[in-house]
Amino acid sequence: MEHTRCLSDLRPGERGTVRALHSTGAMRRRLLDIGLVENTGVECLGRSPGGDPAAFLIRGAVIAIRDQDGRDVLLRTE
Amino acid sequence: MGLTNSSTGMGAVDSALVIRREAPTDRVIALAGNPNVGKSTLFNALTGMNQHTGNWPGKTVTNAQGCCQRGEKGYVLVDLPGTYSLMAHSAEEEVARNFICFGDPDAAAVVCDATCLERNLNLVLQTLELSPRVVVCVNLMDEAKRKGIHVDLKLLSERLGVPVVGTVARKKKSLDTLLDALDRVAEGEAPTPLTVRYPQRIEKAIAALTPLFPGRWAEKLNPRWLALKLLEGDEAILREAFAYLGGEEERGALEEAVEAEREELAQWGFGEERFRDLLVSAIVSTAERLCRGVVTQAGSGYSPTDRRLDRLLTSKRTGYPIMLALVAMVFWLTIVGANYPSQLLSNILFWVQDRLTELFALLHAPDWLHGALVLGVYRVLAWVVSVMLPPMAIFFPLFTLLEDAGYLPRIAYNLDKPFKACRACGKQALTMCMGFGCNAAGIVGCRIIDSPRERLLAILTNSFVPCNGRFPTLIAILTMFFVGSAGGWKASALSALLLTGIILLGVGLTLAFTRLLSATALKGEPSSFTLELPPYRKPQVGKVIVRSIFDRTLFVLGRAAAVAAPAGLLIWIMANVTVGEATLLSHCAAFLDPFARWMGLDGVILMAFILGFPANEIVVPIILMAYLSQGSLLELASLTEMKTLFIENGWTWVTAVNVMLFSLMHWPCSTTLITIHKETGSWKWTALAAALPTAAGVAVCIAFTALVRMAGG
């Protein structure tokens with residue numbers, strides 16, 4: 001079954017595919033720059049010791065994104 | 001901590017770039033690339049320069065250029081700031097784009113990371129839209145090979161339509177191949193590279209605009225790219241194009257057409273945001289397609305080892321303890337390792353002083369000359385060298401090793417939460433780490449922070465972490481008063497722990513003042529941020545040692561010595577010129593004394609901090625000089641004797657604590673302040689950057705002293 005969740009919902013080890021990007025302004029451009037367009041696969045690698053931000057594997061690079069920003073990235077997960 | 005002549009002080013800001021060709025036939029080559037792909041290493045290897053490199057994104061914050069001679073041919077290489085795209089969303093992107101567009105380079109090399117080629121191709125494709133004279137340089141081929149990633153360079157070159165060269169920055173031969181390819185691209189017919197195809201609507205709009213561009217633009221600007229920019233609503237580019245390339249008479253018709261096409265696109269639902277998304281998506285999917293069959297890999301660029309390391313270094317349970325342990329270990333190694341060479345150096349240098357004295361006596365030189373030059377200039381220099389050189393020569397390489405391995409971005413990642421709680425971002429932790437080396441370098445490094453508000457926060461609070469000029473002071477006082485110089489691993493472990501405590505206090509102050517500023521002068525919410533955690537790399541130990549000693553240690557030492565020599569002379573004069581009953585020195589010290597006593601210091605100490613304004617390294621030597629010139633002249637061969645001298649002059653453990661506190665919190669050195677002024681462009685912020693730590697230091701020292709007195713200490 002397919003669920004819609006957001007990037008910040010992913011627990012370490014979980015994967016998803018970008019369904020829509022609701023971020024705006026500078027954040028949107030930055031996410032697009034790192035290749036986070038629709039249908040891109042992401043994997044949550046872990047969370048920092050404080051619990052936020054989390055690290056994600058996006059197109060072979062590891063990017064840390066805060067929860068507040070991750071909420072605007074909608075995902076399809078299996 | 002990019003600490004070189006060019007990155008601190010006067011040479012810190014050079015955003016306007018003037019190309020300096022050594023000969024008119026020199027080729028100008030632009031080096032573009034994503035952050036952290038080894039672009040600066042490549043630049044250094046090609047030019048033999050020492051642009052500082054580190055394994056974290058956003059390291060090159062200024063343009064650099066260097067020359068390279070090969071046989072008859074000369075090249076001017078321009079190292080552009082690392083960017084993910086050329087869409088000119090940020091200052092760095094604009095610098096990079098404008099240079100490729102209007103800087104008239106003969107060719108551009110886009111440096112890519114072989115371990116994550118697909119993402120790097122975004123920049124390649126965007127560069128190809130600007131100029132066909134491009135060589136794609138797939139760097140870090142050795143790294144990729146180790147990770148089981150194979151890149152078919154020939155196939156990629158066929159698909160892209162431009163030369164593709166694999167490089168390993170350390171291998172000279174691969175650099176020759178790169179320069180050969182650049183020669184080919186610069187000399188001959190321009191290649192016809194792959195063009196990214198956009199959705200039909202957009203292609204139609206492009207086709208409508210391109211015939212309207214003035215004819216003479218064609219050889220300078222790719223019409224497709226220009227059309228895209230105009231459709232995107234970038235009016236600045238049109239202004240620049242007319243300014244650089246002329247053709248004003250055709251402006252009216254062009255602007256009208258742009259307006260019409262934009263309106264039509266909007267009607268089709270391709271508004272500004274959607275339009276941009278479509279452009280990016282087209283580029284990203286083209287890169288994806290290009291990579292199919294070109295890159296074959298067993299695993300991903302993020303290897304299982306990286307995964308394990310990250311789990312260890314950034315997890316909830318082990319992240320912070322390991323961070324602290326690493327910091328404490330670096331300090332411990334510095335303290336233990338510096339002890340013996342420090343002693344040896346001091347013995348040698350003071351033996352030389354005795355010989356110099358004999359020489360002066362032999363030449364029947366007047367006493368004042370011997371005093372000024374040997375007891376003044378030489379002795380202070382000797383102190384600075386013997387106290388500072390050994391800890392720096394150990395600390396800098398150790399720190400650089402951590403940096404090279406890729407640990408620093410993990411510190412930023414680990415500390416983002418606390419910094420966010422103070423309305424700032426984790427990248428400030430990176431600039432803080434650079435501050436350990438040199439606050440001025442840390443302040444230049446603040447350019448990696450995108451939000452202007454958060455950047456100012458990082459700049460204003462940077463001097464709360466002790467720079468390398470202050471470490472020796474802290475270490476010496478800790479060892480003398482709290483550990484005992486008896487030695488043994490227990491003692492050195494204790495001083496490392498205490499020093500770690502002081503660093504933590506500095507970090508705590510950074511956070512507290514960041515929070516305070518966020519609530520007052522720099523109100524605002526934390527902005528969004530992304531932070532790249534680059535793959536761990538095996539540090540090149542030999543290179544690290546050589547580089548950190550020559551680039552950093554000797555540079556810092558040189559600066560300290562340059563300040564110490566005149567300061568030594570000044571102190572000697574002040575101690576030997578009498579006005580009325582007492583020397584100038586005692587007059588000054590006596591004047592400062594009442595206030596200093598409040599802070600639990602004495603007039604001499606406060607004066608030493610004031611005279612140490614050009615460089616913090618000379619504070620302790622000045623205190624020593626001042627005490628020695630007033631009391632009996634003894635040979636200070638060890639910290640024990642130094643402690644005796646201090647105690648004779650009224651020091652207690654309270655004085656020692658206050659000196660350390662004040663060393664942590666007082667006005668930044670002159671270089672740092674000049675850098676702050678350059679970076680902020682404002683005297684107001686510069687003054688605040690000096691006032692904040694000074695006020696904090698004075699207040700804390702007074703409070704601490706009062707507390708101890710109340711408690712009957």
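**Exercise 1.** Determine how many residues of helix H18 of chain B are buried.

*Solution.* The structure is a predicted model, in which local features need pLDDT (the predictor's confidence in each residue, from 0 to 100) of at least 70, side-chain atom pairs count only at pLDDT 80 or more, and totals for chains, interfaces and linings use all residues. Residues are numbered from 1 along each chain as its sequence is written, while chains are lettered from A and ligands numbered from 1 in the order in which they are written. Helices (H or I, at least four residues) and strands (E, at least two) are DSSP runs, numbered from the N terminus. H18(B) covers residues 452-461. A residue is buried if 20 or more other C-beta atoms, placed from the backbone, lie within 10 Å of its own. Eight of the ten residues of H18(B) are buried, among them B:Glu454, B:Arg455 and B:Leu456.

**Exercise 2.** Classify the crossing of H22(B) and H23(B).

*Solution.* The axes (lines fitted to C-alpha atoms over the stretch in contact, with angles from 0 to 180 degrees between N-to-C directions) come within 7 Å and cross at roughly 105°. H22(B) is therefore roughly perpendicular to H23(B), the class for 65 to 115 degrees.

**Exercise 3.** Identify which strand of chain A pairs with E9(B), and in which sense.

*Solution.* Strand E5 (residues 61-65) of chain A pairs with E9(B) in the antiparallel sense over four bridges; pairing requires at least two bridges found by DSSP. Within E9(B), B:Leu533 is the bridge partner of A:Val62. For the complex, the predictor gives an ipTM of 0.94 and a pTM of 0.82.

Methods
Parallel < 35°, antiparallel > 145°, perpendicular 65-115°, else oblique. Buried ≥ 20, exposed ≤ 12 C-beta atoms within 10 Å, placed from the backbone.
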